[in-house]
Amino acid sequence: MKKAKLLVVCILVAFGSKSAKSQSVKSDVLSGFPVGYTPQEVGSLVAERFIPSGHLLHGGKWIHYAEVCAWYGALKFAEASNDRDLIERLRQRFDLLFTSEKDLQPIMNHVDLNMFGCLPLEFYQVTGQQKYLELGLPYADTQWQLPGNANAEEKAWAEKGHSWQTRLWIDDMFMITIVQSQAYKATGNREYIDRAAREMVLYLDELQRPNGLFYHAPDAPYYWARGNGWMAAGMTELLRYLPEDNPDRPRILDGYRLMMNSLLRYQADSGIWNQLIDEPDFWPETSGSAMFTFAIINGVKNGWLEEPEYVDVARRGWLALIPYITPEGDVTQVCIGTNKSPDRRHYYDRPRQTGDFHGQAPVLWCAYSLLEE
């Protein structure tokens, strides 16, 4: 680890310009992985595992957000690796949602269901086919269109200019930002990403703790890894596309950096983060760890995190994830879906799954981020 840090310091001294520094970081530290650990190999393994997998359904009725996250990751990986065959197979699977599987299209009445729109919007950007845009945009639009049966709380949020789906749950800051950012990318309409930025500032102001992390809930004062992972990934997705002149960008960047600084301190020597981030006696959890690694990889590559130690954190985070992936492409040590609890032991006792989309998805996000220019 000391050698890696020394290499980065030497690079930064030798190259004064930001572009030279960025290129050096990418070529010397966030590439050159050993065989079996390259983003191309790992991303291909996990993406191919997705193709034959069965659907995960929300309430037994509609495509679940965790499957959307994995599908989106596989598509982004296929784009970054220029794998046209994989793109086509992912598209063929998706196109069943227009025909024989149309009933599995999520309804648009909940933050976890509306985020489905990010996937057809990405397919639109890949293919240029209007049908994907027409399917995806209503999921972004209805996050801000108050329904006729809205309750008093939902109306109050809408009156303040926020999404009526606001809950102040940290998961929301991925579910809302991913579909609004995708709508902005697909249309160029600033309203989508600007309102997502305002929403993010609300959540940061209300929920971020002084150490940069987030409780699972006010009555569950624990730093659960995947819950914090959603927030880290949501800020990352937003910052990737949020225009520099957006007035909320500095506040979001400050919140992001505060969180990353805390994550840096809690990364285990192995490179993984634990199920409860600040609890050294808890077990290593892969979905949250992959989300944190995704956030830090992007922070390094985009210049949001300029301190040299983050390069080492990103590299160790990626390398630490690979041994948790089976030869078949299933990610192990993934905490199951977890509701809040005031009991610390509740988090320790959560079952761990293998091949859960919650874990498959962020590994794919890391892989495509490492490959992207």
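This report describes the overall build, the nonpolar cores, one helix pair and two unusual backbone positions of a predicted model.

**Overall build**

The protein chain contains 17 helices and four strands. Its radius of gyration is 20 Å, close to the 21 Å that the globule rule gives for 373 residues, so the protein chain is as compact as a globular protein of that length. Measured out along the principal axes, the C-alpha trace of the protein chain spans about 60 × 45 × 45 Å. Of the 373 residues in the protein chain, 59% are buried, and among contacts between residues at least 6 apart in sequence, 73% join residues at least 24 apart.

**Nonpolar cores**

In soluble globular proteins, nonpolar side chains tend to be buried together. Here the largest nonpolar core has 114 residues, and those with the most contacts inside it are Met-231, Ile-252, Met-259, Met-260 and Trp-365. Helix H4 (residues 65–80) contributes the largest share of this core, with 11 residues. When neighbours within four places in sequence are left aside, Met-260 is in contact with Ala-232, Ala-295, Ile-296, Leu-305 and Tyr-310. Another core, of nine residues, lies apart from the largest one and includes Ala-220, Tyr-222, Trp-224 and Tyr-347.

**The pair H12 and H17**

Helix H12 (residues 225–241) and helix H17 (residues 357–371) have axes that come within 13 Å and cross at roughly 35°, and the crossing in which H12 passes H17 is left-handed. From H12, the residues Arg-226, Trp-230, Ala-233, Glu-237 and Arg-240 meet His-358, Trp-365, Tyr-368 and Ser-369 of H17. By class, this contact has four nonpolar, two polar and three charged residues. Trp-365, which takes part in this contact from H17, is also one of the residues with the most contacts inside the largest nonpolar core.

**Positive phi outside glycine**

Two residues are set out below, each with a positive phi although it is not a glycine.

| Residue | Phi | Loop | Relative accessibility |
|---|---|---|---|
| Asn-82 | about 55° | between H4 and helix H5 (84–95) | 55% |
| Leu-168 | about 60° | between helix H9 (152–159) and helix H10 (172–187) | 24% |

Asn-82 counts as exposed, because its relative accessibility of 55% is over the 50% cut-off. Leu-168, with a relative accessible area of 24%, is partly exposed, because this value falls between the 20% and 50% limits. The loop that holds Asn-82 follows H4 in its placement between H4 and H5, and H4 is the helix that gives the largest share of the 114-residue core.

Terms used
Residues numbered from 1 in each chain as written. Predicted model: local features only at pLDDT ≥ 70, side-chain atom pairs only at ≥ 80, totals over all residues. Heavy atoms only, no water. Axes fitted to C-alpha atoms, helices over the stretch in contact; angles between N-to-C directions. Helix = DSSP H or I, 4+ residues; strand = E, 2+ residues; numbered from the N terminus. Left-handed = near helix turned anticlockwise from the far one by under 90°. Contact = heavy atoms within 4.5 Å. Nonpolar A, V, L, I, M, F, W, Y, C, P; charged D, E, K, R; others polar. Core = buried A, V, L, I, M, F, W, Y, C linked by side-chain atoms within 4.5 Å. Buried < 20%, exposed > 50% of the residue type's maximum accessible area, 1.4 Å probe, protein only. Rg over C-alpha atoms; globule rule 2.2 N^0.38 Å.
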